[in-house]
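Here are some exercises to work through with the model open beside you. Try each task before reading its solution.

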Amino acid sequence: MATLPRVYVSRKVPPQGLDILRKSGRVQVELWDSDDPVPRQELLKKVKGCDGLLCVLTEKIDAELLDAAGPNLKVVSTMSVGFDHLSLDQLKKRGIRVGYTPEVLTDAVAELTVALLLSTSRRLIEATHEAKTGGWGTWRTLWLCGYELANSTVGILGLGRIGVAIAERLKPFKVKKFIYTDVVPRPELAEGIQAEFVSMDELARQSDFLAVCCALTPDTQGICNKKLFSKMKETAIFINTSRGGVVNQEDLYEALSSGQIAGAGLDVTTPEPLPTNHPLYTLKNCVILPHIASASYTTRNAMSALAANNLLAGLRGEPMPKELQL
Ligand SMILES: O=CC(=O)O
């Protein structure tokens, strides 16, 4: 009997995905059975000779790793929609196919983005802190006032499935207008939410709430910088649930501490975890979450199942349910 393809799973992924791999009877699975990342040296050792790799976003899949894996490696399947941790040119050069997990997480990410936006704009974290620590003296007319969505303009930086899902959820809050910017207009997506395509400058100038929804690429690295913040309204709220690398954090700190913008909600930072002594934590108008946008049981299980099915399909030489076109 021919030996089964060898697969390395670099993290204890949720059970649905592991079950699919184990019950397929088509692969030999080796698992880094931990919630914490596999040490790099261990990963380099473990991937040697593997046919497939199922990874998460903390693993850098670069030339060094692909060299360590060697020529057997045919498929890399990441349990994430983001793929900035993958060296796509290196994968392409070696003819390695790549699976990822779009769509299954759209609802969870959009929901969390709305929660983060409201927590930031209505100052919920500050408010619970005040209530718990004796800051709640009496009812005061302007105490803990924030900004409301009704009659606002919401800007989306990078309109894809997630941006559309966020807009759909915000619409019932009586948002007046949605605007977006992207490399090119996306009429097929914008139509459903009646979003207007504008320049980056106009996005900055008009947005009362600006949600970053673009992928991190060399083109989007650091695009949320002082140039952008300096054009935004003093009352604007900035929300990022995409990748920390899209933001220049020094410039964001400056914009928040000087009152150039009103607040920021971040689910993603550079680095992750953000060290507890980072200056952004000292700001009351900055809400920081530890990269949890897709973290619902349903969604994380669906992501692991899709990552497993991508891997199996790729190893069989069939089209993957969700394959990244390299
Ligand atoms: O950030 C999460 C993902 O890319 O899935």
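A polar contact is a pair of N or O atoms within 3.5 Å; within protein, one must be able to donate a hydrogen and the other to accept it, and residues adjacent in sequence count only if both atoms are side-chain atoms. This is a predicted model, in which local features need pLDDT of at least 70 and side-chain atom pairs count only at pLDDT 80 or more, while totals for chains, interfaces and linings use all residues. Residues are numbered from 1 along each chain as its sequence is written, and side-chain values use heavy atoms, leaving out hydrogens and water.

**Exercise 1.** Find which protein atoms lie 2.7 Å, 2.8 Å and 2.9 Å from an oxygen atom of the ligand.

*Solution.* Start with the side chain of Arg-243: one of its N or O atoms is 2.7 Å from a ligand oxygen. Next, turn to the backbone, where a polar atom of Gly-82 is 2.8 Å from an oxygen of the ligand. A backbone N or O atom of Val-81 lies 2.9 Å from a ligand oxygen. Finally, check the cover: the protein hides 90% of the 190 Å² of accessible area that the ligand has on its own (Shrake-Rupley method, 1.4 Å probe).

**Exercise 2.** Is Ser-10 buried or exposed, and what does its side chain make a polar contact with?

*Solution.* First, locate Ser-10 in the loop between β1 (6–9) and α1 (15–24). Helices (H or I, at least four residues) and strands (E, at least two) are DSSP runs, numbered from the N terminus. Ser-10 has 0% relative accessibility, so it counts as buried (under 20% relative accessible area, 1.4 Å probe, protein chains only). Its polar partner is the side chain of Glu-59, at 2.5 Å. Beyond four places in sequence, Ser-10 also touches residues including Trp-32, Val-38 and Leu-43 (contact: heavy atoms within 4.5 Å).

**Exercise 3.** Identify the element that gives the most to the largest nonpolar core.

*Solution.* A nonpolar core is a set of buried Ala, Val, Leu, Ile, Met, Phe, Trp, Tyr and Cys residues joined through side-chain atoms within 4.5 Å. The largest one has 28 residues, and Met-232 and Phe-238 are among those with the most contacts inside it. Elements giving two or more residues include α9 (200–206), β9 (209–212) and α11 (249–257). Of the elements, α11 contributes the most, with three residues. To finish, follow Met-232 outward: among its contacts more than four places away in sequence are Ala-204, Leu-210 and Phe-238.

Terms used:
Buried means under 20% relative accessible area, exposed over 50%, partly exposed in between (1.4 Å probe, protein chains only).
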